[in-house]
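What follows is a walk through one protein chain, from its overall make-up to a few places inside it. Keep the sequence and the structure in view while reading.

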Amino acid sequence: MSISQPFSKELRVGSSLRRGEYLIQSILGQGGMGTVYLATHIALADPVALKRLPADNDLPESVAAELAALLQSDKVQLQGALTGQFPSSGGEYTDHFLREALFLARLQHHALPALYDYFLEDGYWYLVMDYIPGIPLNLYLSRHGPIDVLEALEYAMQLCEVLDYLHAQVPAIIFRDLKPANILILADGTLMLIDFGIARYFKDQQEHDSSDFGSPGYAPPEQYQGSGQTDARSDLYSLGIILHEMLTGVSPGERLFEELLPARHYRPALSPLVGALLRLMTRHEPSLRFQSALLLYQALTRIYRLEECRLYIQEVEAITQPFHPGEQASPVRFSSGADEQMHSPAEAVPSLEQRRRRRAQLQEAHRQRLEYQEQLFWVDEGLQSRSRLSLSQLALPRTADEQITIVPPIHSNFSRVVKISFLLALLLCSSMLILFVSARGLFSLSFYSSSQSTSTAHHDEEHRTFVWQAMPSLLQPQADTTAVYVMVKGRPYVYMGGGYRGRMTPAYSRTLYRYDIEAAHWESATSITFPGMVNNAATANGQQEIYFTAGYSSDSYKVSSLLYRYQPESDTLDKIVPPAEITFGFGSSILADQQGHLYLTQGFLHAGNGHELAGRSWYRYDLSTGVWHLLRPLPVGLGYLTLAMDGDNNILLLGGARDAGQQQQTNELYRYYPALNVWEHLEDQAPLPLSGAASCALDSTHLVLVGGYDTSSQKGRPQSWLFDRQTLFWSPLPVLPRGGSMLGAAACDGKGHLYLIQGAEDPIQPTQQFWEFIAPSASVPQR
Ligand SMILES: Nc1ncnc2c1ncn2[C@@H]1O[C@H](COP(=O)(O)OP(=O)(O)OP(=O)(O)O)[C@@H](O)[C@H]1O
């Protein structure tokens, strides 16, 4: 980065680029190589960051071709073709530009800005990427350092996760410039990594790096010694230095080979465990450090938990205010001023899916714009030939910073004809689309109604694919039930926790029932009398264990924070009593992941008041250790919501209601990232406000949601949907044949079969109805 910049012209705020496509809003930062601007994509009204570097040479054709392919394809699959080489343009700035562009375009990670586009204008290259509404970590530390141990450990875990992603690329990518100035921190505590300026691919056969620069103080000795090639362990060393700085508040300075003073020298209250971790991370000899980001991540996770307990015990001993370990790492303390740019946490981190869509939108907007400009040019030519005006008088603004408006309107009969023809064509296409969609809808509806009149026992393939099939009735009417699918001694069952029985005496059932799928009949599952549980939740953990929250007592209306484990194989029921600070009530939701964790929402803490608002607490219970965790709270307090795993081991939260009376229902969606302990508010929404819907995972991709409470009719909804957990698309399924479903429950076998206990249509009239729904691709059910 030693050569002086050949161009020095700065862009003024308010100037536009790419013929009015982007409007410069402010300068975000100036690095050694270029300037980064905050700009708005005018047509999409979206903020983007534009990184500008002098164009001191042409872009090699192979780079332009790869960027075109990467930026236009949704799924980047070119990794296999990578050799770890970058072609040289012959220009230092252009080389820097092309490396950063290729790295960003090849990578897709939520902690890295996505590259949307690039362009050349007035002798400069521009990278169009995600605007990250955060501040550099060095600035944050200068204001708030040293920071809390748990906060620092959480940041280190986030960085470890993104380093693991980079190191897992083939060939591995070594970032080589990990320092607080290259890390941006968002208002919700999410960290993002910027500046791939000196990152490189690791080369197996190479003994030395070709260049040895890095940032003094943060780069490991091997980056300067020239005695070896930097590798994954070099980035982990830099992370150790950053963790040391976060915990001590002391910057490493420009030291190259001196050892750091132990962190406990600056902060004696730090635990010996954390001191030892730092020593291990910052050892000069790479073979004595952590050998991979994954190993380090695991160590950080364990130390985080131990520190959490240690601090908890300290707090209890000091008998100060109640302590909430899960909330220690947040919120990030931003002061006013530079933080005004911060968006709310929900807006802060666009998901990869949102970024993909954004990139497509941006490119589509650019393509349409080019087409429009071409059209205008053509119109201009027509006008020119007729009126003999010079083209320059009609052309679009040529100096980038003169105009903000996109296109000057041209009023001519000709352009009107063009527009009208375009509109007519659009109208025709839309009508055809509507006809097509309605035809499909009619088909499925008529199909459904024809099957409705036939007997319930359909066995031909076609009928199985589209209908709700009536199944043997429950032993008694029941609503407010739970249901799970479990294999017991190799035999499939649907277990149902008894619920409200209407006018019968007693009104609440304490029985656990099960439906034997092979024998096609209902039976009482155990002689154990279950506690009365209303508005509770249940899940199975894949190990033939069923977990129930207790909801509230049917006798005393007392809200309970108990958890029960029932093991069908041994017919045993255990009570799990969480610590006092874990308070889940009724209307809460529970989900088991595949890694031995239960996740639980808090629900409502007082029964008998429809205005009661749901709590925001979010818990994890580790089945193997019996340890409870208070996690980052839900973005909004919600009860009666649906939880589901997405395809990437993250958790989706769908719908719910803020109040116990379910008047304040929502169709919002959120995603929880367990590795980061962060919630994201998704752009997508459910087709209707969903509260109290019965749901289960039909197969590895789809969730089915049925019914829920309809506030306007005060009845159960008859609708059901197939929800794709990866694309977040909703497809309507045939409505329930006999009324709606509320206070019902669904259980899936995960292979395309769903069993629905309908519950009630009217809240006070439970039904005995039991239905099956079979996905088109499912195998024939065992009966
Ligand atoms: N995507 C982004 N969103 C918001 N701000 C950004 C973004 N990218 C960069 N910045 C800001 O611009 C500054 C300079 O960016 P960057 O480090 O990428 O430039 P550089 O010229 O490569 O710097 P260096 O001299 O470290 O190589 C950063 O410190 C940061 O404050």
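A residue is called buried here when its relative accessible area is under 20%, and exposed when that value is over 50%. The model is a predicted one, and all that is said below about burial refers to these cut-offs.

Start with the chain as a whole. It has 783 residues, 54% of them buried. Its secondary structure consists of 14 helices and 37 strands. Among contacts with a separation of 6 or more, 58% are between residues 24 or more positions apart. The accessible surface is about 34,400 Å², and carbon and sulfur atoms make up 55% of that area.

Next, turn to strand 22, where the term buried is put to use. In a regular strand the side chains alternate between the two faces of the sheet. On one side of strand 22 are His597, Tyr599 and Thr601, on the other Leu598 and Leu600, and all of them are buried, which leaves both faces covered. Because five of its five residues are buried, strand 22 is largely enclosed by the rest of the structure.

Which strands pair with strand 22? Strand 21 (residues 590–592) does so in the antiparallel sense, over three bridges, and strand 23 is joined to strand 22 by five bridges, also running antiparallel. Strands of a sheet pair through backbone hydrogen bonds, either parallel or antiparallel. Individual residues can be matched up across these pairings. Leu591 stands opposite Tyr599 of strand 22, while Leu600 has Tyr619 in strand 23 as its bridge partner. Strand 21 and strand 22 form a hairpin with four residues between the strands, and in this hairpin Gly596 takes a positive phi near 85°.

The loop between strand 22 (597–601) and strand 23 (618–622) contains Gly615. Is Gly615 buried or exposed? Its relative accessibility is 16%, so Gly615 counts as buried. Apart from neighbours within four places in sequence, Gly615 is in contact with Gln602, Gly603, Gly637 and Leu638. Thr583 lies 32 residues from Gly615 in sequence, and the C-alpha atoms of the two are 9.1 Å apart.

Now look at the nonpolar interior. The largest nonpolar core has 80 residues, and Leu166, Phe196 and Leu243 have the most contacts inside it. Helix 4 (residues 149–167) contributes the most to this core, 13 residues. Domain 1 (11–74 + 85–131) and domain 2 (135–314) each supply at least three residues to the core. Leu243 shows how such contacts are made up: with neighbours within four places in sequence left aside, Leu243 touches Ala152, Leu153, Ala156, Leu277, Leu278, Met281 and Leu300. A second core, separate from this one, has 16 residues, including Leu722, Leu733, Cys748 and Phe773.

The last stop is an open sheet of four strands in the order 12-37-36-35, with antiparallel pairing. Strand 12 (468–470) and strand 35 (745–748) are its edge strands, each pairing on one side only. On average, neighbouring strands of the sheet are turned by 25° against each other, with direction ignored. Within the sheet, strand 36 (residues 753–757) and strand 37 (residues 770–774) run antiparallel and are joined by five bridges. One residue match in this pairing is Tyr755, whose bridge partner in strand 37 is Glu772.

Definitions and conventions. Residues are numbered from 1 along each chain as its sequence is written. This is a predicted model: local features need pLDDT of at least 70, side-chain atom pairs count only at pLDDT 80 or more; totals for chains, interfaces and linings use all residues. Side-chain values use heavy atoms; hydrogens and water are left out. A nonpolar core is a set of buried Ala, Val, Leu, Ile, Met, Phe, Trp, Tyr and Cys residues joined through side-chain atoms within 4.5 Å. Buried means under 20% relative accessible area, exposed over 50%, partly exposed in between (1.4 Å probe, protein chains only). Helices (H or I, at least four residues) and strands (E, at least two) are DSSP runs, numbered from the N terminus. Domain bounds come from an automatic or database domain assignment. Contact means heavy atoms within 4.5 Å. Two strands pair if DSSP finds at least two bridges between them. Axes are lines fitted to C-alpha atoms, for helices over the stretch in contact, and angles run from 0 to 180 degrees between N-to-C directions. Accessible areas come from the Shrake-Rupley method with a 1.4 Å probe; for residues, only the protein chains shown count as cover.
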